[in-house]
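Here's a quick tour in questions and answers. Keep the view open as you read along.

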Amino acid sequence: YSSVLAQLLQSLGFKMLLILRDPRDVVVSQVKYISSSPTHPLHKHYRTLNFDEQIMTSIKGVEQGPIMPDIIKRVKSILQWSEQPFTYTTYFEKLVGMRGGGSKKAQIDEVRNIADHLGFHFTESQLDAFTEQIFGGTVTFRKGKIGVWHESFNEDHKKTFNTIAGDLLENLGYQKNEKWIGGLKTKKQRKIEQVEKEYFGENLIFIISQPRAGSTLLQRLLSGHTEILTTAEPWIMLHPLYALKKNGLITEFDSNLARQGLEDFISQ
């Protein structure tokens, strides 16, 4: 950031986009980039370090040779741009879309916001086509994922990062507290999380429907795929929800159908 440059850009009618990313993911991405780029000033230095040391270096910075400030100084050096009236601040996590771990809706909404800032107008079909083309395909693109730091940070990395830039995470909205800092998970804990993620986490599909609108048809259509296990409406929430009623347990649903649905669900 430069106040002189900011005044000049504003007087010339420029518009600016500032993009931010979780600084922890920035650290990991930078390590991968520097260690694989022979022309980078810090490449030789990084090649003398193991991966954990490279991560720590990108957090703490380099004070000798080609100097690199620590992570909080690097991020803060550009944050004041967000205070300028001609700047729109966007986020990697909003733009990356589903293939990077984000959402299609957030991606389209954010591209629309950027277009509005720049004075452009896109139709919904144009926005959809545009967002389909923005993932990957460039020289500097590597993985493009949200939350890659989870796979790379150890306990020391977390504690050091929190000491240097813990407030930064909260200010940018990436962390509400320090619960992300803790001891390394045991092998058993990591295995349990892996199983939960594989079988109960990201692979669930809920069909929400009005009555008599074709939900069973849609469910049967999905069940034709060899990698999808599905069952018809299980009715599993009706009983616990009705147990909360204050005026007795008279139901508006057919208890016999609910029993059949629950029995079918349990049997499968």
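Before we start, helices (H or I, at least four residues) and strands (E, at least two) are DSSP runs, numbered from the N terminus. This is a predicted model, where local features need pLDDT of at least 70, side-chain atom pairs count only at pLDDT 80 or more, and totals for chains, interfaces and linings use all residues. Residues are numbered from 1 along each chain as its sequence is written, and side-chain values use heavy atoms, leaving out hydrogens and water.

Q: Which helix holds Gln219, and is Gln219 buried or exposed?
A: Gln219 sits in helix H11, which covers residues 215–223. The cut-offs are these: buried means under 20% relative accessible area, exposed over 50%, and partly exposed in between (1.4 Å probe, protein chains only). Gln219 has a relative accessible area of 7%, so it's buried.

Q: Which residues does Gln219 touch, not counting residues up to four places away in sequence?
A: A contact here means heavy atoms within 4.5 Å. With residues up to four places away in sequence set aside, Gln219 touches Ile207, Thr230, Thr231 and Ala232.

Q: Where is Gln30, and what does Gln30 touch?
A: Gln30 belongs to helix H2. Its relative accessible area is 18%, so Gln30 is buried. Leaving out residues up to four places away in sequence, Gln30 touches Tyr46, Ser58, Met68 and Arg74.

Q: How far apart are the end C-alpha atoms of helix H7?
A: The expected span of a helix is 1.5 Å times one less than its number of residues. Helix H7 (residues 104–118) has 15 residues, so it should span 21 Å. That agrees with the model, where the end C-alpha atoms of H7 are apart by 21 Å.

Q: What covers the buried residues of H7?
A: The buried residues of H7 are Gln107, Ile108, Glu110, Val111, Ile114, Ala115 and His117. Their cover includes strand S1 (16–20), strand S2 (87–91), helix H6 (92–95) and helix H8 (124–131).

Q: Which residue just after H7 takes a positive phi?
A: Look just past the end of H7 for a phi of about 85 degrees. The residue there is Gly119.

Q: Where is Trp235, which has a positive phi although it is not a glycine?
A: Trp235 has a phi of about 60 degrees, even though it is not a glycine. Its place is the loop between H11 and helix H12 (238–242).

Q: Which residues touch the most other members of the largest nonpolar core, and which elements give two or more residues to this core?
A: A nonpolar core is a set of buried Ala, Val, Leu, Ile, Met, Phe, Trp, Tyr and Cys residues joined through side-chain atoms within 4.5 Å. The largest one has 30 residues, and Phe153 and Phe161 touch the most other members. The elements giving two or more residues to this core are helix H1 (3–11), S1, H2, helix H4 (51–60), helix H5 (71–79) and helix H9 (155–171).

Q: How many residues are in the other core?
A: This other core lies apart from the largest one. Among its members are Ile108, Val111, Ile114 and Leu127, and the count is 5 residues.

Q: Why are Asp109 and Lys105 about one helical turn apart, and what N to O distance does their salt bridge have?
A: Side chains of opposite charge can pair when their charged atoms come close. A salt bridge is a side-chain nitrogen of Lys or Arg within 4 Å of a carboxyl oxygen of Asp or Glu. Asp109 and Lys105 are separated by about one helical turn because they are 4 residues apart in helix H7. The N to O distance in their salt bridge is 2.7 Å.

Q: Is Lys105 buried or exposed?
A: Its partner Asp109, at 25% relative accessibility, counts as partly exposed. Lys105 has a relative accessible area of 60%, so Lys105 is exposed.

Q: Which residue forms a salt bridge with Glu155?
A: Glu155 is partly exposed at 26% relative accessibility. The partner lies 4 residues apart from Glu155 in helix H9, about one turn of the helix. With the closest N and O atoms 2.9 Å apart, that partner is Lys159.

Q: Which helix holds Ile266, and is Ile266 buried or exposed?
A: Ile266 is in helix H13, residues 255–267. Its relative accessibility is 63%, so Ile266 counts as exposed.
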